[in-house]
Amino acid sequence: AGMGLGAGVALGQNMAQGLTLDMPAAAAATEDIAGKLAQLKKLFEADLISEAEYSAKKQELLARF
């Protein structure tokens, strides 16, 4: 019975590590989308893209959240 408990603890620790490793990747993806939205806004404000292009691309980026 003691071996089963030890194996269960180790499995739980491995699963917890896997979850914490995925968190920075999710944060990086959010920052990447935020950066792209900021760049998109600059392009729009500089009249390099139309309002329709800005709106379409913004919706596409927001859909990735």
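How many salt bridges does the count come to? The count comes to 4 salt bridges, a salt bridge being a side-chain nitrogen of Lys or Arg within 4 Å of a carboxyl oxygen of Asp or Glu. The model is predicted, so local features need pLDDT of at least 70 and side-chain atom pairs count only at pLDDT 80 or more, while totals for chains, interfaces and linings use all residues. Residues are numbered from 1 along each chain as its sequence is written, and side-chain values use heavy atoms, with hydrogens and water left out.

The protein chain contains 2 helices and 0 strands. Both kinds of element are DSSP runs numbered from the N terminus, with helices (H or I) needing at least four residues and strands (E) at least two. Helix H1 covers residues 2–45 and helix H2 covers residues 51–63. Of the 65 residues in the protein chain, 8% count as buried. Here buried means under 20% relative accessible area, exposed means over 50%, and partly exposed lies in between, with a 1.4 Å probe and protein chains only. The accessible surface of the protein chain is about 5,200 Å², and 64% of that belongs to carbon and sulfur atoms; the areas come from the Shrake-Rupley method with a 1.4 Å probe, and for residues only the protein chains shown count as cover.

The buried part of the chain can be taken next. The largest nonpolar core has 5 residues, namely Ile 33, Leu 40, Ile 49, Tyr 54 and Leu 61. Such a core is a set of buried Ala, Val, Leu, Ile, Met, Phe, Trp, Tyr and Cys residues joined through side-chain atoms within 4.5 Å. H1 and H2 are the elements that give two or more residues to this core. Tyr 54 counts as buried, at 13% relative accessibility. Leaving aside neighbours within four places in sequence, Tyr 54 is in contact (heavy atoms within 4.5 Å) with Leu 40, Lys 41, Phe 44 and Ile 49.

One of these contacts also involves aromatic rings. A search of the whole structure finds 1 aromatic pair. Phe 44 and Tyr 54 form this pair, which is stacked, at 4.7 Å centre to centre and 20° between the planes. Rings of Phe, Tyr and Trp (its six-membered ring) pair if their centres lie within 6.5 Å; planes under 30 degrees apart count as stacked, over 60 as edge-to-face, and the rest as tilted. The pair links distant parts of the chain, with Phe 44 in helix H1 and Tyr 54 in helix H2, 10 residues apart. Phe 44 is partly exposed, with a relative accessible area of 24%.

The salt bridges include one in helix H1, between Glu 45 and Lys 41, whose closest N and O atoms are 3.8 Å apart. The two residues are 4 residues apart in helix H1, so about one helical turn separates them. Glu 45 counts as exposed at 54%, and Lys 41 as partly exposed at 35% relative accessibility.

In helix H2, Lys 57 and Glu 60 lie 3 residues apart, about one turn of the helix, and their side chains meet in a salt bridge at 3.1 Å, N to O. Glu 60 also meets Arg 64 in a salt bridge, at 3.4 Å. Lys 57, Glu 60 and Arg 64 are thus linked in a network of salt bridges. Relative accessibility is 34% for Lys 57, 39% for Glu 60 and 47% for Arg 64.

UniProt lists residues 36–62 as "domain: SHOCT" in an unreviewed entry.

Methods
UniProt positions renumbered as here; feature names shortened; annotations may be inferred.
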